Amino acid sequence: MKGFSCPDIDTGWKPVIHEDSQNARADRPSLIDNVDEDKHAEYDMPATDAQIREILRMLGEIQREIASLKQMIKGMDISCRVPEGRKGKPRKRRLAKKLTAWGEVDHVRNGEPSI
Amino acid sequence: MSGTVNPVYDWQQIEIFTRQILGKKAFQDVCTLWQENSGQQSGNGAKQPMRLYIVNDGACPGVSPAAGSPVKSVKLCKRAAVPDYPKNTITGTKKTRIIHRYSLILLTEYENGEFRVITLPRQLSAPGSYRKGSTMAFCGMISTDGQTSVPQRMNDTGCSEKLAIIPEGNSFSAFEYMLTFPLNAFEPAISPVELENPGLKSTIILSNLRYETDIIEPVTVPAGEGSLIWTTAVDLMVYEDITIKLGVDQDIIVQGLSEP
């Protein structure tokens with residue numbers, strides 16, 4: 001084997017490239033298309049970080065939309081009729097009426113406790 | 001540093017920036033230019049020298065071509081790496097891949113005393129695809145259409161290697177050598193948490209390049225359109241050591257005294 005005076009090659013330290021995140025970027029361009037690519041390169045962030053940042057941005061937008069909807073609802077004069085609750089008394093009366101009609105109980109009519 | 005011992009209360013907090021090596025792997029005597037056993041393209045064969053058919057000096061294609069002057073010796077003058085190579089990637093299957101693209105510059109001496117410089121793979125052609133003014137050698141790593149590479153593969157206990165030729169226009173720009181191996185081959189093994197560290201960096205060192213050549217015999221090779229050309233069969237293998245390190249930047253704080 002012949003020795004060869006070829007200088008060694010040293011790449012120096014470089015960020016590791018994740019092939020799966022590269023593929024993810026290619027498969028889902030819509031999610032991270034709006035990410036500032038220059039900024040991304042500047043901070044040397046991998047694509048996963050960019051995705052997290054994008055998700056956080058979208059969450060922020062949703063939060064703002066919810067807040068604006070709340071404001072809109074506040075401004076509107078929405079009056080709802082409070083449903084009249086059926087109190088126990090009339091119901092009890094109706095029940096007692098039915099039961100007495102069938103001739104099963106008398107104490108309900110008299111208002112006595114049913115022990 | 002002075003010979004006196006400084007009391008502890010003289011110590012100060014010193015912040016140091018450093019790079020912590022998380023894992024390292026060194027491959028010795030890796031053959032990065034080879035050819036599979038003829039007829040075996042499965043990757044389970046053995047590495048054999050790359051068989052080059054170097055065109056004899058003064059040889060021209062023809063039906064009964066002149067033999068020209070055969071090759072006497074071949075020397076590797078330079079191995080040029082393509083910019084941004086070698087590089088490292090982590091695959092989805094938790095493996096790491098080293099990709100290296102390079103070209104070789106050979107100095108060929110002929111029996112008649114002439115010398116020529118051959119750049120590989122730029123001046124390589126497939127047998128039957130001789131290009132006048134360009135082809136200096138033939139090789140079986142290029143398909144018969146003369147446009148595409150025939151990748152050579154090698155698999156061995158979790159590691160896999162692949163050698164291909166990168167096309168560029170009507171010729172070829174570089175050899176591409178790929179070495180893929182599992183992350184647990186690093187010493188110490190890289191943990192999944194470390195692997196997901198966005199600050200993870202790698203460095204690749206290629207060292208101790210050496211080669212073997214063997215002049216076989218003069219032989220005719222199809223040049224295309226029914227013509228032949230005289231060449232000299234030459235076997236070539238290239239070896240080198242490949243070291244890869246993975247690491248992260250660290251800011252550490254120590255208590256001590258800095259040199260004035």
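The exercises below, each with a worked solution, deal with a predicted model of chains A and B.

**Exercise 1. The extent of the interface**

Find how many residues of chain A and of chain B are in contact, and what area is buried between the two chains.

Step 1. Start with the residue counts: 20 residues of chain A touch 37 residues of chain B.

Step 2. Turn to the area. The size of an interface is often given as the accessible area lost when the parts come together. For chain A and chain B the buried area is about 2,500 Å².

Step 3. Split that area by atom type: carbon and sulfur atoms give 59% of it.

**Exercise 2. The side of chain A that touches chain B**

Determine which elements of chain A each supply at least two residues to the side that touches chain B, and how the residues of that side divide by type.

Step 1. Look for polar contacts across the interface: seven residue pairs are found, with both residues at pLDDT 80 or more.

Step 2. List the elements of chain A that each give at least two residues to the side touching chain B: strands E1 (2-3), E2 (9-10), E3 (14-15) and E4 (17-18), and helix H1 (19-27).

Step 3. Sort the residues of this side of chain A: nine are nonpolar, four polar and seven charged.

Step 4. Check for salt bridges between chain A and chain B. The rule, which asks for a side-chain nitrogen of Lys or Arg within 4 Å of a carboxyl oxygen of Asp or Glu, finds zero across this interface.

**Exercise 3. Strands that pair between the chains**

Establish which strands of chain B pair with E2(A), E3(A) and E4(A), and whether each pairing is parallel or antiparallel.

Step 1. Take E2(A): two bridges link this strand to E14(B), in the antiparallel sense. Here A:Ile9 has B:Leu206 as its bridge partner.

Step 2. Take E3(A): two bridges join this strand to E14(B) as well, and the two run antiparallel. A:Lys14 is opposite B:Ser202.

Step 3. Take E4(A): this strand runs parallel to E6(B), residues 87-90, with two bridges between them. A:His18 is matched with B:Ile90.

**Exercise 4. Strand E14 of chain B**

Describe how E14(B) pairs with E15(B), and locate the residues with a positive phi in E14(B) and in the turn.

Step 1. Count the bridges: E14(B) and E15(B), residues 227-256, pair antiparallel over 19 of them. One partner pair is B:Arg210 with B:Tyr239.

Step 2. Examine the connection. E14(B) and E15(B) make a hairpin with two residues between them, and B:Glu225 in the turn has a positive phi of about 55°.

Step 3. Move into E14(B), residues 201-224, where B:Asn208 lies. B:Asn208 is not a glycine, yet its phi is positive, about 55°.

**Exercise 5. Cis peptide bonds and an aromatic pair**

Locate the cis peptide bonds before B:Pro86 and B:Pro188, then explain what the pair of B:Trp34 and B:Tyr177 ties together.

Step 1. The bond joining B:Tyr85 and B:Pro86 is cis, with omega about 0°. B:Pro86 sits in the loop between E5 (71-81) and E6 of chain B.

Step 2. The bond from B:Glu187 to B:Pro188 is also cis, with omega near -10°. B:Pro188 is in the loop between E13 and helix H1 (192-195) of chain B.

Step 3. Over all chains there are five aromatic pairs. One of them, B:Trp34 with B:Tyr177, is edge-to-face, with 6.1 Å centre to centre and 80° between the planes.

Step 4. B:Trp34 is in the loop between E1 (12-33) and E2 (35-36) of chain B, and B:Tyr177 is in E13 (residues 171-182) of chain B, so the pair ties together parts that are 143 residues apart in sequence.

Note on methods. Residues numbered from 1 in each chain as written. Chains lettered and ligands numbered in written order. Predicted model: local features only at pLDDT ≥ 70, side-chain atom pairs only at ≥ 80, totals over all residues. Heavy atoms only, no water. Contact = heavy atoms within 4.5 Å. Buried area = accessible area lost by both parts, 1.4 Å probe. Polar contact = N/O pair within 3.5 Å; in protein donor to acceptor, adjacent residues only side chain to side chain. Helix = DSSP H or I, 4+ residues; strand = E, 2+ residues; numbered from the N terminus. Nonpolar A, V, L, I, M, F, W, Y, C, P; charged D, E, K, R; others polar. Pairing = 2+ DSSP bridges. Phe/Tyr/Trp six-rings, centres within 6.5 Å; stacked < 30°, edge-to-face > 60°.
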